[in-house]
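Student: Please take one part of this model and look at it closely, then set it within the chain as a whole.

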Amino acid sequence: MSTLHSEGAAEVVLVRRHLKLDHLNQLQIELLAEVFDAEPGVAKVVVRKQWLDIDYDAAALTLDRVIAILEAHGGELSQDWWTAFKAGWYRRREEKLRSRLAEDQES
């Protein structure tokens with residue numbers, strides 16, 4: 001999911017990330033949902049035992065920030081190859097989106 005629309009002078013680029021998690025208990029899951037809800041740029045977040053579904057503005061938040069928040073609360077991305085592959089693809093996609101936004105702001 002990638003939706004580009006204007007909101008005032010700034011463009012909002014919503015992306016959806018579906019990430020498999022490891023090492024979270026129910027208390028950590030509830031805390032994570034609250035933390036992500038308060039994070040600037042987050043449009044929607046659903047945290048379950050083994051999954052994080054998050055929609056956020058790629059101009060305001062990055063996957064690396066999402067992972068840092070997750071790790072700060074005792075969780076981590078799953079170490080399976082598919083999750084690692086998706087995380088790499090998500091990062092490249094975000095870099096392209098931010099690059100396109102920077103180009104649009106220059107013109």
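Tutor: A residue counts as buried under 20% relative accessible area, as exposed over 50% and as partly exposed in between, with a 1.4 Å probe and protein chains only. The model is a predicted one, in which local features need pLDDT of at least 70 and side-chain atom pairs count only at pLDDT 80 or more, while totals for chains, interfaces and linings use all residues. Residues are numbered from 1 along each chain as its sequence is written, and side-chain values use heavy atoms, with hydrogens and water left out.

The part chosen here is a nonpolar patch on the surface, formed by Trp81, Trp82 and Phe85, which together have about 420 Å² of accessible area. Such patches take residues with over 30% relative accessible area and no salt bridge (a side-chain nitrogen of Lys or Arg within 4 Å of a carboxyl oxygen of Asp or Glu), and nonpolar side chains (Val, Leu, Ile, Met, Phe, Trp, Tyr) are joined within 5 Å, like charges within 9 Å. Phe85 is partly exposed, as its relative accessible area is 45%, and Phe85 belongs to helix H3, which covers residues 81–106.

Around this patch, the chain has three helices and five strands, in the order β-β-α-β-β-α-β-α along the sequence; helices (H or I, at least four residues) and strands (E, at least two) are DSSP runs, numbered from the N terminus. Of the 107 residues, 37% are buried, and the accessible surface of the chain is about 6,300 Å², with 52% of that area belonging to carbon and sulfur atoms; such areas follow the Shrake-Rupley method with a 1.4 Å probe, and for residues only the protein chains shown count as cover.
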